[in-house]
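Student: I have a chain open on my screen and would like to talk it through with you. Could we take it a piece at a time?

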Amino acid sequence: LVTIFFLSLETYYIYRFQFLKLFEQLKMMKKWLFLFFFYCCLLTAKKGFYIPGVLPVEFHVGSSVEVKAVKLTSIRTQMPYDYYYLPFCLPDGELQYKSENLGEILRGDRIVNTPFALNMDIPVKCALLCAKNNVKTKLSAAESDLLIEQIRNEYRVHLLVDNLPGTTKTQLENGRDAYMHGYALGFVDENKVYLNNHVHFIIYINEVSTETYRIVGFEIQARSLSSMQYVPNSGKSCSWNSESEAQPLKPGVVNEIYWSYSAEWRLSPIRWASRWDSYLSMRSNQIHWLSIVNSIVIVVFLAGFLGLIIMRTVRRDIAYYNRLDESLDDTMEESGWKLVHGDIFRPPRRATLLVCVLGTGIQLLGMALVTLGKQRFA
């Protein structure tokens, strides 16, 4: 970012006259440009009125509810992965990646469709994924080793329903419920790796009118179920004999597993406008110390670099002034960094606007600090 800034600044100084000339031409054409953009906005008003997550989406009973995958993240590594980087079941047809905004791109999100088939207010007891003719899914030795590596690195899977991220409920020591983003890919017990091959979706809905609902919560419960416990039924439905045995992954060999999911719908009194309140109690097990140290090192390096430049400039000016004869100091005009002291008492242009901007910024900063402090110690 610093390199891009300096390159942009250098480009501006080189071509500043061309930029000024272009700006003057645009200034003369601003009336026609305004009319052109206003006309374009009118043409696209029907398609551009909805921003995802801003307006509520209402689902009728039986209508399709799409589950999307976001990414894979870990608290042990800094590398996020695409959902299909691991050998998950693919949906029918082509993969459809969502066009993302700048924030999603910077977070490393890669939102894509999944094979989970959900319909509003229709529960799913157990359904198999990518199991043609009820045949188990075979993971090659390379795929098994990749899954084992990511489970040991504590990777979590992130899913979306109606722009709500999936969460896993945990309980704190004081008995309060807390939520964590995504669900664990698996777990390690006595140096053995187990895969969470079954996910149970709990979707909270709020009734708007008769047989019309809005989604206000999305919870995921991941389980590890041994393929020996599954009982495939007709179609893609299934059941299991026992939930006590987990699905182990053996390194370096072919593993046979079942991928499955289930879903239930629960009525909730939470209104759509308050559905993000529960996400304020999100917690994380560890802090990304590597990112913090990296940011501190960059700030210290840039501060030292700028300080060195300022010190060299000031030292050169001081040495220059000291070499001059004292009799010439009274007649010589001040130049360089010594002119800064004259700007302290100079009133700025548009002082009222400056005061308004500073006041608003301080107010927003104070509100943000108070909100974060209240949430931290609540």
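**A walk through the predicted model**

Tutor: Happy to. The largest cavity is a good place to begin, and please keep in mind that this is a predicted model. That cavity has a volume of about 80 Å³.

Student: How many cavities of 30 Å³ or more does the count come to?

Tutor: A cavity here is a space where a 1.4 Å probe fits but cannot get out. With 30 Å³ as the lower limit, the count comes to 1 cavity.

Student: Which residues lie nearest the centre of the largest cavity?

Tutor: Its lining is made up of 13 residues. Strands β3 (112–119), β13 (198–209) and β18 (259–267) each supply at least two residues of that lining. Nearest the centre are Y83, F88, F116, L129 and W259.

Student: And by class, how many charged residues does the lining of the largest cavity have?

Tutor: Let us go through the classes in turn. Nonpolar residues number 9 and polar ones 4. For charged residues, the lining of the largest cavity has none: there are no charged residues.

Student: Let me step back to the whole chain. What percentage of its residues count as buried?

Tutor: The chain contains 8 helices and 18 strands. Of its contacts with a separation of 6 or more, 70% are between residues 24 or more positions apart. Among the 378 residues, the share that count as buried is 28%.

Student: Now helix α5. What does it reach from its first C-alpha to its last?

Tutor: Helix α5 covers residues 141–152, which is 12 residues. At 1.5 Å a residue, 16 Å is expected. The helix is close to that, reaching 17 Å.

Student: Which strands are included in what covers the buried residues of α5?

Tutor: The buried residues of α5 are S144, L146, L147, I148, Q150 and I151. What covers them includes several strands. These are β5 (137–139), β6 (155–161), β11 (186–189), β12 (192–195) and β17 (255–257).

Student: Q150 caught my eye. Why does Q150 count as buried?

Tutor: Q150 is found in helix α5. Leaving out residues up to four places away in sequence, Q150 touches Y81, Y85, L86, Y155 and L185. The cut-off for buried is under 20% relative accessible area. Q150 counts as buried because its relative accessible area is 3%.

Student: Just after α5, which residue takes a positive phi?

Tutor: Look in the loop between α5 and β6. The residue in question is not a glycine, and its phi is near 60°. At 32% relative accessibility, this residue counts as partly exposed. It is E154.

Student: E190 has a positive phi too. Is E190 buried or exposed?

Tutor: E190 sits in the loop between β11 and β12. Its phi is near 55°, a positive value in a residue other than glycine. Exposed means over 50% relative accessible area. E190 has 72% relative accessibility, so it counts as exposed.

Student: In the hairpin of β8 and β9, which residue takes a positive phi?

Tutor: Strands β8 (residues 167–171) and β9 (residues 177–181) pair in the antiparallel sense over 5 bridges. Within that pairing, Q171 stands opposite D177. The hairpin has 5 residues between the strands, and the one with a positive phi, near 90°, is G175.

Student: How far apart in space are E264 and I122, C-alpha to C-alpha?

Tutor: E264 is found in strand β18. Apart from residues up to four places away in sequence, E264 touches H200, F201, I202 and I203. E264 and I122 are 142 residues apart in sequence, and in space their C-alpha atoms are apart by 7.5 Å.

Student: Last one: by what distance are the C-alpha atoms of N134 and Y258 separated?

Tutor: N134 has its place in the loop between β4 (124–129) and β5. Setting aside neighbours within four places in sequence, N134 is in contact with L128, P232, N233, G235 and Y258. Along the chain, N134 and Y258 are 124 residues apart, and their C-alpha atoms are separated by 9.1 Å.

Technical notes: Residues numbered from 1 in each chain as written. Predicted model: local features only at pLDDT ≥ 70, side-chain atom pairs only at ≥ 80, totals over all residues. Heavy atoms only, no water. Helix = DSSP H or I, 4+ residues; strand = E, 2+ residues; numbered from the N terminus. Expected span 1.5 Å × (residues − 1). Buried < 20%, exposed > 50% of the residue type's maximum accessible area, 1.4 Å probe, protein only. Contact = heavy atoms within 4.5 Å. 1 Å grid on protein atoms, 1.4 Å probe; cavity = no way out; pocket = protein on both sides within 12 Å on 5 of 7 lines; lining within 4 Å. Points joined across faces, edges and corners; volume = space filled by probe spheres on them. Nonpolar A, V, L, I, M, F, W, Y, C, P; charged D, E, K, R; others polar. Pairing = 2+ DSSP bridges.
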